[in-house]
Amino acid sequence: MTKNDLEFYTKDLKENSVRRACYIVREYLRCKDYNFSNPSVSEEEFYDALNILLAHSYQTSDEKTVVEQWCCDGDCDRNNGFYGFCPGEFQIDAKKRTLCKYYLDSINK
């Protein structure tokens with residue numbers, strides 16, 4: 001994602017919002033994973049966003065909070081690898097261990 005794309009997707013989100021921080025962290029990690037020479041997120045922006053997520057996570061969880069994650073990035077019929085978050089990309093529920101309901105299923109649109 002280019003810097004302009006990132007700014008477009010986060011333009012309506014407040015500077016210190018958790019959702020904006022999610023976009024920044026995810027984009028930084030994607031750029032790092034693929035060794036992009038011109039990343040759209042700086043290391044400083046990444047650490048600022050990470051601090052926002054840590055603060056929010058700590059304050060809204062307890063010792064029993066467990067996170068189950070999956071990435072629908074390439075196989076999701078809602079996201080198809082574009083820049084938004086799929087509604088099923090994250091699940092926070094230790095009791096349910098199910099496949100994302102959007103995973104490769106065109107009838108779930």
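Leaving aside neighbours within four places in sequence, which residues is Thr10 in contact with? In this predicted model, the partners are Arg20 and Tyr23. Thr10 itself lies in helix H1, which covers residues 3-10. Its relative accessibility is 7%. Thr10 therefore counts as buried, since the limit is under 20%. One of its two partners, Tyr23, also belongs to the largest nonpolar core.

That core has 12 residues. Its members are Met1, Leu6, Ala21, Tyr23, Ile24, Val25, Tyr28, Val41, Phe46, Ala49, Ile52 and Leu53. Two helices, H2 (18-33) and H3 (43-59), each supply at least two of these residues. The largest share comes from H2, with 5 residues. In soluble globular proteins, nonpolar side chains tend to be buried together. Val25 gives a closer view of the core. Not counting residues up to four places away in sequence, Val25 touches Phe46, Ala49, Leu50 and Leu53. Among these, Phe46, Ala49 and Leu53 are listed in the core together with Val25.

A charged residue comes next. Glu27 lies in helix H2. Glu27 is buried, yet it has no salt bridge. The nearest side chain of opposite charge is that of Arg30, at 4.4 Å. A salt bridge requires a nitrogen within 4 Å of a carboxyl oxygen, so this pair does not qualify. Glu27 does have other partners. With neighbours within four places in sequence left aside, Glu27 is in contact with Met1, Ser40 and Val41. Of these, Met1 and Val41 are members of the largest nonpolar core.

Aromatic rings were examined last. A search of the whole structure finds 3 aromatic pairs. One of them joins Phe8 and Tyr9. Their ring centres are 5.4 Å apart, and the planes meet at 80°. This arrangement is edge-to-face. Tyr9 has a relative accessible area of 33%, so it is partly exposed. Another edge-to-face pair is formed by Phe46 and Tyr47. Here the centre-to-centre distance is 5.1 Å, with 65° between the planes. How buried or exposed are the two partners? Phe46 counts as buried because its relative accessibility is 9%. Tyr47 is partly exposed, because its relative accessible area is 43%. Phe46 and Tyr47 also form one aromatic cluster with Tyr28. Two residues of this cluster, Tyr28 and Phe46, appear in the largest nonpolar core as well. Phe46 thus recurs in several places: Phe46 is in the core, touches Val25 and pairs with Tyr47.

Notes. Residues numbered from 1 in each chain as written. Predicted model: local features only at pLDDT ≥ 70, side-chain atom pairs only at ≥ 80, totals over all residues. Heavy atoms only, no water. Core = buried A, V, L, I, M, F, W, Y, C linked by side-chain atoms within 4.5 Å. Buried < 20%, exposed > 50% of the residue type's maximum accessible area, 1.4 Å probe, protein only. Helix = DSSP H or I, 4+ residues; strand = E, 2+ residues; numbered from the N terminus. Contact = heavy atoms within 4.5 Å. Lys, Arg positive; Asp, Glu negative; His and termini not counted. Phe/Tyr/Trp six-rings, centres within 6.5 Å; stacked < 30°, edge-to-face > 60°.
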